[in-house]
Each structure stands twice: as C-alpha cells, then as structure tokens.
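Here are a few exercises to work through with the model open beside you. Try each task before reading its solution.

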Amino acid sequence: MSLFRQFGILIVLAAGLGGVWLWNTRQVASDTEVRPIRGSEAAGIPVVVTPTMMATDSTVVEAVGTGRAEQSIMVYPSVPGEVAQILFEAGDRVDANQPLVRLDAEDEQAALDLTQVEGEQARQVLKRYEQAMPTGAVSELEFDSARTDLRLAELQVRRAEIALDNRTIEAPFAGVVGLPQVDMGDRVDESVPLATLDDRSRIHVEFDVPESFSSRVQRGDTVELRAWSLPQRLFEGVVSATASRLDPETRTLRVRATVQNDDDILLPGMSFAIVLAVTGDDYPSVPEVAVMWDRDGSYVWRIVEGRAERVTLSIVRRDGARVLVDGELGVGDQVVSEGVQRVRAGSEVRILDEATTGLSPAAAADNQPSPSS
C-alpha cells in the first residue's frame, strides 16, 4: 500500500472520530437543555417532618406466680391426749377462737375441782385470821402465812384451768378449715396435725422479676393476674412487698402482689400468669422511619431554620411505629420522617405537608431504608 493511500485512511478515521465526539457533545447539551434542574435542587430537598414527643419508658413484664392465703396454718394440739370430739367439717368457715377439736379432759377437770376446793379452804382460813387479829389470838406471822397459802391455791386453780383449756383446740383466727386429719379416739401429741386453716380474704401471689427491672418495681404498682384454672377471669392486684435482695443464683427479685378475694373464688396454691407494667424514665419519641444508621451508630435529621442537622442518639425501646431514644432532642423538635435518604448535614430542605401526596416518585424512593439500616 502506498504512502499516499495510508495517509488518506488516517484522515478518514480522524474525521470519523471527530464526528462521533461532536455528536455526543451536542447530545449532552441537548439533554441538559431539555432536562431542567429538579425542584429539590433549586428550592431545597422535599421532606416530611414529624415533631418529637416525650413518652414514658413502660415495659410489660410477664411472670408465673403461686398464691397463698393471707394467713395459712396447720392446726396442732398443744398437749397429748385422745380425740374426744371433732367440732368441724371440711370447708366450714369458722370464727377466731371457735373450738375445733376436744381431747379427753377427765383428769384435768378433776384436778381443777381439787384445786378449787383447796383454794376455798385457804380463803376461809384467811378470813378467820382476819377476824382474830384484833384480839391477839393470831400473830401477824400466821396471818401472812395464811395469805400466802391463799395466793398459792389461786395459782394452782389457774394452772388447772389452763390445763383444762388446752384440751380444747381453737381456731387462732377466722378462716376456712380443711379436711380433718384425725378421727375420734385417735391418740395425738404435739406433732400430729389436726386440720388446715386458711384466711382467704386476700391472696398473696409471689413471682420473680428480672434484675434489669428490679429497680423499677414499686409498692402500689398495678398487676394483672389470670389463674390457670380460671382462664376466663382477669384479676387485678397491687404490689404489696418486694424482697430486700436479689437472688444471687437466678438474678431475680421476689415480688408479692395482693389480690382481694371477696367472692372466695381463689384458693391458696393456685398458679397465676402475671402481667406487670413497669415504668421508667421519660424519653424523646420519634417515628421509627426517621431513625438512620451508619458505622457511627443511629441518628436522626433535625430541621433547624430550614436546614438539616444530624443528631446522634441511642435506641431505648421500640413502641409500635415510634422509637424511644436517648439523645439531644427536645419536645417539638422537627425530625425528618420522609425523604431521609437524600438529606445530608447542612442540606436546605423544603417541608411538605404530611397529608400531601406530593413527594415525587424519586423522593419517595429515596425515603426507603437502605440495606444497612
């Protein structure tokens, strides 16, 4: 190929490349003229803002507890003996000091009669000495001795009365008596149970609360309880007491809730499902969609005088569509809830009405959370 022909080919290639470059330049210029500057660039990024509110950090604690009566005892005899009478039936409601069981008491009754006779005799002797004292027939020493004898006789009578009273076992408080544990004629002593006695006017339910909530449980807090055997009934109680220390093994705090049992439907030993709402401090609350994340943590965009300002914060708890946060936010602060992806620190924004459908498709797409969030 001649040098002239090679030179011609180079000229043609150069002309072709120049034409392509010229066409692209004109196309870019044409696109620039046709596509105007977007409104978000000219008048600020369109966003929707939501005011910050204050909310209480309230958490629901669920637990399982066991009920016990206001007072609950096993009745025992205070002395040994033979059962002579059983004065109750299972389920009877008894009053305080009402007799429940009587033991044989013939010996005790005889001892009381004897001491009463001795006491009466000592009283008569003392009376005669009092009458004889003015005549000098009885010395002062003899009179003092007679008075001492009467006092001793009275003490013996009192001891015999106590021994006789101990043969009758009474209810120490009002309540419901359980099944008899003995039969007529049984020989019993102080270690033999006679019956159970429960004051069921109130039921105390004890349960455990995790250590993380222990400082937030207070006396008087309302508790909702549902007995497993009565799933259709919801009972309300109050926290009446808490333990003075945590269990070092389970890291829980023992809590007692008290429930009024006026209709006597709850029984000691029942198990309960417990719901306790514990309250904490107040925190700013923002929409969940307003919270962003990056390698430095979570943050929101706050609008101050038409420009975006980044506020770093930490998440306390999610509460439905809102999030309780800990950060430098105040009540009424405007945070960006739509259009957050396009906002940068210092960006000028254009606030849209939340009820408006006015975010462009591009802005709406910008509001979708990034994969990192």
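Contact here means heavy atoms within 4.5 Å. Keep in mind that this is a predicted model.

**Exercise 1. Find what Phe 272 is in contact with, leaving aside its neighbours within four places in sequence.**

Solution. Start on the N-terminal side of the list: Phe 272 is in contact with Ala 63, Val 64, Gly 65 and Gly 67, among others. Next, add Val 205, and then Leu 225, Arg 226, Ala 227 and Trp 228. Leu 266 completes the list.

Now place Phe 272 in its wider setting. The largest nonpolar core has 24 residues, and Phe 272 is one of those that touch the most other members, together with Phe 207, Leu 225, Leu 266 and Leu 276. At least two residues of this core come from each of β2, β9, β10 (222-227), β11 (235-242), β12 (252-260) and β13 (271-287). A separate second core, of 17 residues, includes Ala 171, Phe 173, Val 177 and Val 182.

**Exercise 2. Decide whether Ala 63 is buried or exposed.**

Solution. First locate Ala 63: it lies in strand β2 (residues 53-75). Its relative accessibility is 15%, and the cut-off for buried is under 20%, so Ala 63 counts as buried. Then look at its partners: beyond residues up to four places away in sequence, Ala 63 touches Phe 207, Asp 208, Phe 272, Ala 273 and Ile 274. Finally, check a long-range pair: Ala 63 and Leu 225 are 162 residues apart along the chain, yet 9.7 Å separates their C-alpha atoms.

**Exercise 3. Work out which side chain of opposite charge is nearest to Asp 199, and how far away it is.**

Solution. Begin in strand β9 (residues 195-210), where Asp 199 sits. The side chain to find is that of Arg 93, at 6.3 Å. A salt bridge needs a nitrogen-oxygen pair within 4 Å, and Asp 199, although buried, has none. What does Asp 199 contact instead, apart from its neighbours within four places in sequence? Its contacts are Ala 69, Glu 70, Gln 71, Phe 173, Ala 174 and Gly 175.

**Exercise 4. Identify the buried residues of α4 and what covers them.**

Solution. Trace the helix first: α4 (residues 140-165) has 26 residues and reaches 38 Å from first C-alpha to last, close to the 38 Å expected. Its buried residues are Phe 143, Ala 146, Leu 150, Ala 153, Val 157, Ala 160 and Leu 164. The cover over them includes α3 (106-132) and β6 (168-170).

**Exercise 5. Give the strand order of the open sheet of four strands, and name its edge strands.**

Solution. The order is β6-β5-β3-β8, with antiparallel pairing. The edges are β6 and β8 (187-188), each of which pairs on one side only. To finish, look at β3 (residues 81-86): two bridges join β3 to β8, and Gly 81 stands opposite Val 188 in β8.

Conventions
Residues numbered from 1 in each chain as written. Predicted model: local features only at pLDDT ≥ 70, side-chain atom pairs only at ≥ 80, totals over all residues. Heavy atoms only, no water. Expected span 1.5 Å × (residues − 1). Buried < 20%, exposed > 50% of the residue type's maximum accessible area, 1.4 Å probe, protein only. Lys, Arg positive; Asp, Glu negative; His and termini not counted. Core = buried A, V, L, I, M, F, W, Y, C linked by side-chain atoms within 4.5 Å. Pairing = 2+ DSSP bridges.
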